[in-house]
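Please look at the sequence and the three-dimensional structure shown here. The explanation that accompanies them is meant to be read with both in view.

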Amino acid sequence: MLAIAAAIITELILGRIFFGKWLNLASAYITGISVGILVRSPAYWPYALCGVISIMSKYVLRVKGRHIWNPSNFGIAVLLFLAPETMAILSIQWGNNLLPIVVIWTLGSIIIWRARRFHISAPMLFRSSCSPFLRSWITGDPAGGSGANHRPMYQLFVFFMITDPKTTVRSRTGQCVLRLRGPG
């Protein structure tokens with residue numbers, strides 16, 4: 001809740017200062033949720049500060065009127081660099097239970113399909129689903145068949161972060177090719 005509140009308040013203030021109007025808060029809400037899910041800390045301040053840094057990056061780090069990094073990814077990276085002793089990223093959540101995975105994949109797929117952004121996630125889903133099996137086949141190590149597709153961080157990334165219209169390349173072909181290549 002703290003990350004969401006910090007992101008929304010920062011968006012309200014900076015939107016008013018930079019654009020002279022009250023902006024839609026959906027982006028700030030998603031950023032706050034992302035920070036709240038991905039950050040792990042015994043203290044409260046990293047959640048708030050990460051929300052603020054994330055939203056501020058949208059206003060400060062811009063090229064041709066567009067922010068150039070996913071806000072929550074940027075905020076998390078900054079805090080991991082500045083305060084690694086106080087903050088870490090969440091490595092696993094919900095265990096390996098199948099039901100949450102199915103629900104998130106189903107709803108995430110529906111949302112990005114309706115937003116006409118599925119072509120961005122599909123190549124990455126395909127690559128990440130096939131690469132562990134290919135690695136296992138090449139190395140002969142059966143453990144190589146386990147993938148990261150069940151982790152909440154991956155699901156958040158593939159369904160919401162890489163499909164952010166403000167941080168993707170403009171051409172549809174470029175969007176697909178970049179996701180086949182990998183996350184980054």
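The paragraphs below treat the nonpolar cores, then the aromatic rings, and finally one serine. The model is a predicted one.

The natural place to begin is the interior. The largest nonpolar core consists of ten residues: A3, V35, L38, V39, Y47, C50, I53, I76, L79 and M87. Three elements each give two or more residues to this core, namely α2 (26-38), α3 and α4 (71-82). Of the elements, α3 gives the most, with three residues. I53, a member of this core, shows which residues meet there. Setting aside its neighbours within four places in sequence, I53 is in contact with F74, G75, V78 and L79. Apart from the largest core lies another one, of five residues, including L14, A28, I55 and Y59.

Y59 leads on to the aromatic rings. The structure holds three aromatic pairs. In one of them, F18 and Y59 form a tilted pair, with 5.2 Å from centre to centre and 40° between the planes. This pair links distant parts of the chain, since F18 belongs to helix α1 (residues 2-19) and Y59 to helix α3 (residues 45-60), and the two are 41 residues apart. Are the two partners buried or exposed? Y59 has a relative accessible area of 6% and is therefore buried, because buried means under 20%. F18, in contrast, has a relative accessible area of 47%, so F18 counts as partly exposed. F18 and Y59 also belong, together with F19, to one aromatic cluster.

Another pair is formed by W69 and F74, and this one is stacked: the centres are 5.5 Å apart and the planes differ by 20°. The angle explains the name, because planes under 30 degrees apart count as stacked. W69 is partly exposed at 45% relative accessibility, and F74 is partly exposed at 23%. F74 is also one of the residues in contact with I53.

The last stop is S41, which lies in the loop between β1 (39-40) and α3. Its relative accessible area is 14%, so S41 is buried. What does the side chain of S41 reach? The side chain of S41 reaches the backbone oxygen of T86 at 2.8 Å. Leaving aside neighbours within four places in sequence, S41 is in contact with P46, Y47, T86 and M87. Two of these residues, Y47 and M87, are among the members of the largest nonpolar core, and the description thus returns to the interior.

Note on methods
Residues numbered from 1 in each chain as written. Predicted model: local features only at pLDDT ≥ 70, side-chain atom pairs only at ≥ 80, totals over all residues. Heavy atoms only, no water. Phe/Tyr/Trp six-rings, centres within 6.5 Å; stacked < 30°, edge-to-face > 60°. Helix = DSSP H or I, 4+ residues; strand = E, 2+ residues; numbered from the N terminus. Buried < 20%, exposed > 50% of the residue type's maximum accessible area, 1.4 Å probe, protein only. Core = buried A, V, L, I, M, F, W, Y, C linked by side-chain atoms within 4.5 Å. Contact = heavy atoms within 4.5 Å. Polar contact = N/O pair within 3.5 Å; in protein donor to acceptor, adjacent residues only side chain to side chain.
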